[in-house]
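Me: Please take a close look at one part of this structure, and walk me through it slowly, since I am new to it. I would like the terms explained as they come up.

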Amino acid sequence: MKQSVDILVRGDGAVGRSLALALSAQGLRVALLGPGGSAQLPRGEDVRAYALNATSVALLRELRVWEALPDDARTPVYDMCVHGDQPGAKLAFSAWQQGVRELAYIVDAAALEAQLDMALRFAPHVQRVQQPLPAALDAICEGRDSGSRAARGVQLERQPYGHRAIAARLLADRPHDGVARQWFRSPDVLALLPFDRPVQAASYGLVWSLPEARAQALLALDDAAFESALMEASEGQAGMLRLAGERQSWPLALSRAEPVSGEGWVLLGDAAHQVHPLAGQGLNLGLADVAALRDVLEARESWRPLGDERLLRRYARARALPNWAMGELTDALLRGFALEHPLPARLRNQGLSLVDRLGPVKRWLTARALGQ
């Protein structure tokens, strides 16, 4: 007969590994079942880069993972410049104006998952398993295509954007100076995230969201032609850009699961929600899920079982508004900048410039992005 555990974590991506560490720190017996989130991505070199806010960094510090990351795997962002699709339309954020050391960190996805894996080796209450073990609570962190979610009959509201994200690592001929750059243009969104790999202070993580046909056309180009298209799109503002490796891509959608908890089970991360990457909040939402579930379980009454449905509703309520709001915000931004009619184009670009001049509004938006 299989030995039971307190928590079975299904999925060993960044969210699942973080959850296993967080719950084992409470003395709970955790089984970590893989593969998880990262297994859904294309095979080959992992070119993903996470934009982590202050709240996510604080959680990783608590888990004793953050300080162990190599210095070149976590690059601070001091400034961010958002460009519209008309001349002069832009919005600038700075850490100095916000009174913080940095706006965010750009983190190498493979390095983070490797360090989480290393920390798990020293976690006294975690075991890796290849088959499910009986558990008081199933924590489902399997990503957007979760089979365990489907097996529980959970409804997934999914709205495909008809867009595809292209990710790559880039080299620049001048320093990035800790500046993240983003272009909102009908109908694509281009982000250049300052990075220190493979070259210190002169690398970027690329995330480029485009309609499916245009994305496939760009993916079919050779490196030189792709770099030329990228230079045109970025207007040369980051200098000359060259590919530092292969390109990867995946389809984009807005999705929400309902419900996210039930008797003996709970959903976290992309298994519960998926947002457009234009705000870089995907993993931040997942790690906020981890922190919320950790807090709910830690505060539970001594007589209440871990899988109690009413207990898990506390987690669901705590995460409902933040996850819904981020999904609505990213969706509205994408759809607003996808409109090609001259009037909405003029309004959205004027809106960028207006917010740039409204200090309190800009500080409030920055605080939300920082997780404050």
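Reply: Asp117 is a good place to begin: with a relative accessible area of 17%, Asp117 is buried, where buried means under 20% relative accessible area, exposed means over 50%, and partly exposed lies in between, as found with a 1.4 Å probe on protein chains only. Salt bridges that share partners join Asp117 with Asp12, Arg121 and Arg128 into one network, a salt bridge being a side-chain nitrogen of Lys or Arg within 4 Å of a carboxyl oxygen of Asp or Glu.

Before going further, please keep in mind that this is a predicted model, in which local features need pLDDT of at least 70 and side-chain atom pairs count only at pLDDT 80 or more, while totals for chains, interfaces and linings use all residues. Residues are numbered from 1 along each chain as its sequence is written, and side-chain values use heavy atoms, with hydrogens and water left out.

Within that network, the side chains of Arg121 and Asp117 meet in a salt bridge, with 3.4 Å from N to O. Both residues lie in helix H4 (residues 109-121), four residues apart, which is about one turn of the helix; helices (H or I, at least four residues) and strands (E, at least two) are DSSP runs, numbered from the N terminus. While Asp117 is buried, Arg121 is exposed, with a relative accessible area of 59%.

Asp117 also takes part in the packing of two helices. Two packed helices are described by the angle between their axes and the distance between the axes. Helix H1 (residues 14-24) packs with H4 at an angle of about 30 degrees, and their axes are 10 Å apart; here the axes are lines fitted to C-alpha atoms, for helices over the stretch in contact, and angles run from 0 to 180 degrees between N-to-C directions. That angle makes H1 roughly parallel to H4, given that angles under 35 degrees count as roughly parallel, over 145 as roughly antiparallel, 65 to 115 as roughly perpendicular and the rest as oblique. H1 passes H4 in a left-handed crossing, a crossing being left-handed if the near helix is turned anticlockwise from the far one by less than a right angle, and right-handed if clockwise.

On the H1 side the contact is made by Ala14, Arg17, Ser18, Ala20 and Leu21, and on the H4 side by Glu113, Ala114, Leu116, Asp117, Ala119 and Leu120, where contact means heavy atoms within 4.5 Å. Sorted by class, the contact of H1 with H4 has seven nonpolar residues, one polar residue and three charged residues; Ala, Val, Leu, Ile, Met, Phe, Trp, Tyr, Cys and Pro count as nonpolar, Asp, Glu, Lys and Arg as charged, and the others, Gly among them, as polar.

Another pair of helices can be read in the same manner. The axes of helix H2 (residues 54-62) and helix H8 (residues 282-298) come within 9 Å and cross at roughly 55 degrees, which makes H2 oblique to H8. In this pair, too, the crossing is left-handed as H2 passes H8. Ser56, Leu59 and Glu62 in H2 meet Asn284, Leu287, Val290 and Arg294 in H8, and these contact residues divide into three nonpolar, two polar and two charged.

A salt bridge belongs to this second pair as well, for the side chains of Arg294 and Glu62 meet at 2.7 Å, N to O. The bridge links distant parts of the chain, with Arg294 in helix H8 and Glu62 in helix H2, 232 residues apart. At 14% relative accessibility Arg294 counts as buried, whereas Glu62, at 53%, counts as exposed. Leaving aside its neighbours within four places in sequence, Arg294 is in contact with Ala22, Leu23, Gln26, Leu59 and Glu62.

A further salt bridge joins the side chains of Arg304 and Asp308, at 2.8 Å from N to O, and here both residues are buried.

To place these details in the whole, the structure holds 25 salt bridges, and the secondary structure of the protein chain comes to eleven helices and 18 strands. Of the 372 residues of the protein chain, 55% count as buried. Among contacts between residues at least 6 apart in sequence, 74% join residues at least 24 apart.
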